[in-house]
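Colleague: I am new to this structure and would like a close look at one part of it. Please take me through it slowly and in plain terms.

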Amino acid sequence: MLIKKPARSDLSEAQTTSESAYVSRRSVIKGLAASGVLASAGVGEKAMGLDLFGGKDEAKQAPLKPLEFTPQKPVPDLVLTPEDKVGNYNNFYEFGTGKTDPAKNSQGLRTEPWTIEVGGEVEKPATVDVWQLMNEIGLEERIYRMRCVEAWSMVIPWVGFELGKFLKRFQPTSRAKYVAFQTLYDPEQMPGQRNRYIGGGVDYPYVEGLRMDEAMHPLTILSVGLYGKTLPPQNGAPIRLVVPWKYGFKGIKSIVKIKLVEQMPPTSWNKMLPQEYGFYANVNPEVDHPRWSQASERFIGPGGLFAVKREPTLPFNGYGEEVASLYRNMDLRKFY
Ligand SMILES: Nc1nc2c(c(=O)[nH]1)N[C@H]1C(S)=C(S)[C@@H](COP(=O)(O)O)O[C@H]1N2
Ligand SMILES: [Mo]
C-alpha cells in the first residue's frame with residue numbers, strides 16, 4: 001500500500017522518536033496481551049488533555065482493551081499523528097460539533113454488547129456480534145493517511161479487517177450495486193441527536209454509502225481499533241468504516257446496520273449540502289470545496305500548535321495507484 005512519505009528533511013527528531021516509541025510500546029502491549037497479563041481496560045493510557053486544542057476540559061477516557069493483530073510492515077519514514085491528538089480532535093457530531101466535544105461527551109457510550117445487522121441484497125442476511133467477530137476474524141494493522149474535507153489530515157494506525165472479506169460472508173446477490181451504512185440512533189446517549197444545535201443540523205441517524213467495487217477494494221476496512229487497542233468512543237467505537245482515499249466524512253462511525261442495495265443510497269453530508277459534498281468524495285486537490293481550497297492540508301502531527309504543517313494534498317489522498325482505475329471513465333469534477 002502506498003503511504004505518502006514526507007521528505008527526510010521534513011522530519012524533526014521528535015517526529016521520528018514518536019514513531020519508534022509507538023512501535024516498541026505496541027510490541028509490549030502485544031506481548032502482554034498474549035501472555036494474559038493484561039485483563040482488560042485502561043492499558044495505562046489515561047485521559048489526554050490536549051493543550052494544543054484546549055486542554056482545560058480533560059476527557060476521562062473510557063477503558064480500552066488491547067487487541068491482537070498482525071502488525072503492518074514498518075514504514076520507517078512515516079510520521080504518525082500522536083494518539084492523544086487522534087483522540088482529541090474529532091468529528092462525531094452526535095456528540096457535538098466542537099473538535100474536543102466527542103472526547104468529552106462520548107465516554108459513556110455503551111459499546112457492549114454491539115451488533116451489526118447485515119441485510120438487503122445478500123443470500124445470507126444475519127446479525128453479527130461485533131465483539132465475537134473481533135475475536136475470530138483475524139485483525140490487521142493498517143496505517144493510513146486520513147484527509148478530512150475541512151483540509152486537515154492525520155496518519156492513523158488502525159486495526160481492523162477488510163470490508164470486502166466481511167461482506168462476502170453474507171453472499172451478495174448480483175443485484176447488489178451499493179452498500180449503505182448506518183450509525184447508531186440513540187438520542188438518549190447521543191446529545192447531538194436530541195438537539196439540532198448540538199448535532200450541527202445533521203439529519204440522524206448518520207448514513208453513508210459506497211459503490212460495490214469501492215466496498216470490495218482491499219484498502220477499504222472496518223476498523224475496530226487504533227494504536228493497538230479498541231477504538232475510543234470518539235473515534236467510532238466499537239466499529240467504523242475507513243476508506244483512505246476518500247474524505248473523512250465517508251468513514252462512518254459506530255455502525256449498527258449494513259445494507260446491500262441496488263440504488264445509490266442517501267448519505268448524510270450530501271443530503272444536507274449536496275453542492276458541497278458529493279457521494280464519491282474522493283480526495284482531489286483539483287476540485288475545491290465551494291468555500292475553500294482543497295489543494296493543501298494541515299497535517300496534525302507530533303509537536304505543538306506551531307508544528308502543524310501545511311502539505312500538498314495528493315489525488316486520492318496518495319492511493320491513486322491502487323484506486324484511480326475504479327473511476328476510469330468518470331468526470332471527477334462532476335462526480336465529486
Ligand atoms: N456517525 C458519524 N460518523 C462520522 C462523523 C460524524 O459526525 N458522525 N464525522 C465524519 C468526519 S467529517 C470525519 S473527518 C471522520 C473523523 O474521524 P476521527 O474523529 O476518528 O478522526 O469521521 C467521520 N464519521
Ligand atoms: Mo471530516
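In which sense do E1 and strand E10 (residues 255–261) pair, parallel or antiparallel, and over how many bridges?

Modeller: The model is a predicted one. In it, E1 and strand E10, which covers residues 255–261, pair in the parallel sense, and 4 bridges join them. One place to look for this pairing is glycine 119, whose bridge partner in E10 is lysine 259.

E1 itself runs over residues 115–120, and it also pairs with strand E2, residues 126–129. That second pairing is antiparallel and again spans 4 bridges. E1 therefore has a parallel partner in E10 and an antiparallel partner in E2, by the rule that two strands pair if there are at least two bridges between them. To find E2 from E1, start at threonine 115, which stands opposite aspartate 129 in E2. The two strands make a hairpin, with 5 residues between them.

Now step back along the chain to the loop between helix H3 (101–105) and E1, where proline 113 has its place. The peptide bond that leads from glutamate 112 to proline 113 is cis, with omega near -5 degrees. Most peptide bonds are trans. A further cis bond joins tyrosine 204 to proline 205, and here omega is near 5 degrees. Proline 205 belongs to the loop between helix H6 (191–194) and strand E6 (207–211).

One more loop residue is worth a look for its backbone. Phenylalanine 316, in the loop between strand E12 (309–312) and helix H9 (320–323), has a positive phi of about 50 degrees although it is not a glycine. Most residues other than glycine have a negative phi.

The last stop is ligand 1, which sits in the largest pocket. It is surrounded by 16 residues, and the closest are Asn90, Tyr93, Glu94, Gly251 and Lys253. By type, the shell holds 7 nonpolar, 6 polar and 3 charged residues. Three side chains can be followed to the ligand atom by atom. Threonine 183 has a side-chain N or O atom 3.0 Å from a nitrogen atom of ligand 1. For asparagine 235, a polar side-chain atom lies 2.9 Å from an oxygen atom of the ligand. In the case of lysine 253, an N or O atom of the side chain is 2.6 Å from an oxygen atom of ligand 1. The protein covers 98% of the 540 Å² of accessible area that ligand 1 has on its own.

Key:
Residues numbered from 1 in each chain as written. Chains lettered and ligands numbered in written order. Predicted model: local features only at pLDDT ≥ 70, side-chain atom pairs only at ≥ 80, totals over all residues. Heavy atoms only, no water. Near = heavy atom within 4 Å. Polar contact = N/O pair within 3.5 Å; in protein donor to acceptor, adjacent residues only side chain to side chain. Areas by Shrake-Rupley, 256 points an atom, 1.4 Å probe, with all protein chains shown as cover. 1 Å grid on protein atoms, 1.4 Å probe; cavity = no way out; pocket = protein on both sides within 12 Å on 5 of 7 lines; lining within 4 Å. Sits in = over half its atoms within 2 Å of the grid points. Nonpolar A, V, L, I, M, F, W, Y, C, P; charged D, E, K, R; others polar.
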